[in-house]
Each structure stands twice: as structure tokens, then as C-alpha cells.
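Here is a short briefing for a first look. Start with the overall layout, then move to the ligand and one helix.

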Amino acid sequence: MKEAPFRSGFCSIVGRPNVGKSTLLNAFVEAKLAIMSDKPQTTRNRILGVYNRPDAQVVFLDTPGIHKPRHRLGEYMNKVAIGTIPEVDVVLFVVDGSAPEPGEGDKYVADVVARSGRPAILVVNKMDRVKRGDWYEVMDAYKALGDPQNRSEDPEPDSPAIEWIDIVPVSALENTNIDPLLDLIVEQMEEGPKYYPDDMITDQPERFVIAEFIREKILHLTREEIPHSVAVEVEQLQRRESGTVYVSASIYVERDSQKGIIIGKRGSMLKEIGARARREIEEMLGSKIYLELFVKVREDWRNRESVLRSLGYREE
Ligand SMILES: Nc1nc2c(ncn2[C@@H]2O[C@H](COP(=O)(O)OP(=O)(O)OP(=O)(O)O)[C@@H](O)[C@H]2O)c(=O)[nH]1
Ligand SMILES: [Mg+2]
């Protein structure tokens with residue numbers, strides 16, 4: 001009997017902000033590769049995660065939530081997200097089923113996906129928050145985004161329909177229906193090589209992951225404009241002979257008032273950010289770390305091309 005061919009390919013995870021794309025990526029690869037938060041626009045880069053099984057490899061690309069940009073950073077994020085679509089074998093269009101109806105953001109992303117012409121699976125996430133009896137209604141409401149009439153009152157004549165490969169209700173948070181979704185994705189892949197060795201589940205440098213873990217703690221601990229105004233850069237990463245890793249990182253904000261908030265009363269906020277980040281970084285590196293954080297103001301950095309580039313928000 002002939003053996004089944006090894007299948008492989010690329011799969012982009014797109015959608016408006018906060019629908020659970022990064023939670024889904026982490027569920028697929030069973031590791032925390034992408035930071036997650038309840039603040040929209042958490043992910044700012046393309047995050048690669050490799051899913052391996054004996055008969056297949058899928059390279060997932062988690063992407064920033066596509067949104068109406070108000071800064072150059074936002075424009076960059078949209079470009080990154082949309083730019084992944086033509087490169088992949090299948091697109092996962094993720095929506096938030098706990099919102100009973102699609103919003104403007106979903107409609108916009110559906111249009112982007114439609115125009116790409118790439119095969120697409122509709123993933124209706126957060127179904128743990130939907131009563132069983134309402135599942136079909138919610139899924140139908142989102143399925144309708146395939147029809148250009150439902151994406152705009154006055155659709156452009158060239159706006160194509162999407163023939164969904166399938167519509168899959170999941171809970172990324174509770175790991176519900178993730179395996180059947182993975183099977184479906186693998187089915188879309190053609191015979192192909194292993195693009196990444198088994199022990200390489202991401203292409204993110206250690207420094208980037210550490211900076212992201214620190215940023216995630218800030219997103220969890222702050223509100224309003226602060227989460228959006230923060231960037232983190234790891235400046236030093238040194239393994240000492242004792243086995244301890246020394247990490248120093250800068251937290252950039254846009255104004256002095258924000259610097260005050262990040263530092264907190266007598267440094268209490270910065271201390272909490274550091275303590276939470278340190279625990280997670282130690283777990284990832286498997287060694288003790290010494291973490292030093294500095295808070296710096298870079299006015300309007302989200303609009304400054306040179307600063308964006310230096311922080312790694314640039315096209316490769
Ligand atoms: N109840 C529930 N919450 C979820 C689920 N998946 C994600 N969330 C929550 O939704 C919020 C957003 O999750 P993320 O994974 O950061 O969303 P995202 O789409 O990557 O967001 P951006 O990076 O901002 O585009 C977090 O608070 C998650 O815990 C789910 O299946 N059920
Ligand atoms: Mg994300």
C-alpha cells in the first residue's frame with residue numbers, strides 16, 4: 001500500500017482586533033508564542049507558529065487585527081496582516097461569536113479576504129459564551145459575510161463572494177473544536193516539504209519574545225490609551241557564568257504623564273510589571289533572570305518612521 005503523502009503549507013489567521021486570533025495560534029501550537037489581552041490591537045507583528053504532526057506541517061501566521069489606523073504604527077500593522085494573505089494556502093477568517101452580529105470591522109476584513117481570492121475557513125470563536133441553542137443563528141449571521149450584499153449597502157461591482165470552505169465554531173480559550181479545525185486545515189494542504197525542523201516552532205528571536213512578554217504585562221495592568229502608547233525594547237541579554245540571565249529593557253511611552261503611570265506610586269506599578277514578566281521569562285528560558293526596566297518618553301513615537309523602524313515595526 002502506498003503511504004499517504006506528507007502535506008504542508010501556510011495558513012494566515014486574520015480578523016478584526018480582539019477576536020482571539022493569538023489565543024487560537026497558541027492553542028494550535030500548544031505554546032505561548034503570541035501575547036494575548038483584552039485590549040484591541042495587542043498583536044503588532046506577524047507571529048509565526050509551526051504545527052507538526054507525523055503526516056503534516058502547517059505554518060501559521062498570526063497577524064495584527066485589521067482596523068482603521070490612526071497612526072503610522074496602525075498602518076504598518078494593517079499592511080503586515082493583509083500582506084500575509086496572498087502568501088498562504090488557506091486563510092482563517094476569525095470572528096467573535098459572542099457578538100451576535102458582524103460589525104463594520106468584520107465586514108471590512110471579509111472584503112479584504114474576498115478580494116484576495118484565497119480559500120477561506122470561517123472560524124467563529126468564543127462560542128463558550130454562546131448558548132447552544134443560539135449557535136446556528138450566530139454562525140449563519142457570520143456566514144452571510146460571504147455575500148458582498150451583506151458587507152456593504154452599496155457593494156462595489158467587483159467585490160467577489162466568498163465560498164467558505166467550512167464554518168467552524170470554536171473556543172480558543174477552552175480548546176473546544178480545535179482538533180477538528182486542525183484536521184480541516186491539514187486537508188487543505190498539498191503534498192509538500194517540512195519547511196521548519198521539528199524543534200523550531202517559531203522564528204521569533206528571544207529578545208522579541210521577552211519584549212512582548214513585558215508588553216503583555218503592561219497591557220494587563222493598564223487602561224485607556226496607555227496600552228496603545230507603549231513599546232518595549234530589550235537592550236541587553238547576557239548569560240552570566242552563574243547561570244543567571246541579565247535582561248535590561250526600555251519601556252517607551254509618548255508623554256511624561258504616561259511615564260508616571262507606568263512607574264506608579266513609589267515605583268509600585270513598574271515593580272509589578274517586572275515581577276509578572278520575570279516569572280514568565282524565567283519559565284520560557286528555564287533559568288533565573290535579573291530584569292531591569294527603564295521607562296522613557298519618545299513623543300508621538302507611533303507616528304515617527306525612524307522610531308518605528310528602530311523598534312522593529314518595519315517591513316523585512
Ligand atoms: N470567552 C472567550 N474569550 C476568548 C476566546 N479566545 C480569546 N478570548 C479572549 O479575547 C481577548 C482577545 O484575545 P486575543 O487572542 O489577544 O485576540 P486577537 O484577535 O489576537 O487580538 P489583536 O491581537 O488585538 O488583534 C482575550 O481577553 C482573550 O482571553 C474564547 O474562545 N472565549
Ligand atoms: Mg493578537
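The points below cover the domains, the ligand shell and helix α1.

This is a predicted model. Its protein chain is divided into two parts: domain 1 spans 7–191 and domain 2 spans 206–310.

**Domains**
- The C-alpha centres of domain 1 and domain 2 lie 29 Å apart.
- Domain 1 gives nine residues to the contact, and domain 2 gives 12 residues.
- On the side of domain 1 that touches domain 2, three residues are nonpolar, four are polar and two are charged.

**Around ligand 1**
- Ligand 1 is surrounded by 24 residues.
- The closest are G20, S22, T43, G65 and L173.
- By class, the shell around ligand 1 holds 12 polar, seven nonpolar and five charged residues.
- Helix α1 (residues 21–29) supplies the largest share of this shell, with three residues.

**Helix α1**
- Is α1 largely enclosed or largely open, and why? Eight of its nine residues are buried, so the rest of the structure largely encloses α1.
- The buried residues are K21, S22, T23, L24, L25, N26, A27 and F28.
- S22 thus appears twice: it is buried in α1, and it is among the closest residues to ligand 1.
- Among the strands that the buried residues of α1 pack against are β1 (7–14), β2 (47–53) and β3 (56–62).
- These buried residues also pack against β4 (90–96), β5 (120–125) and the helix α5 (178–188).
- After α1 comes E30, which has a positive phi, near 55°.

Notes. Residues numbered from 1 in each chain as written. Chains lettered and ligands numbered in written order. Predicted model: local features only at pLDDT ≥ 70, side-chain atom pairs only at ≥ 80, totals over all residues. Near = placed C-beta within 6 Å. Helix = DSSP H or I, 4+ residues; strand = E, 2+ residues; numbered from the N terminus. Nonpolar A, V, L, I, M, F, W, Y, C, P; charged D, E, K, R; others polar. Domains from an automatic or database assignment. Contact = placed C-beta atoms within 7 Å. Buried ≥ 20, exposed ≤ 12 C-beta atoms within 10 Å, placed from the backbone.
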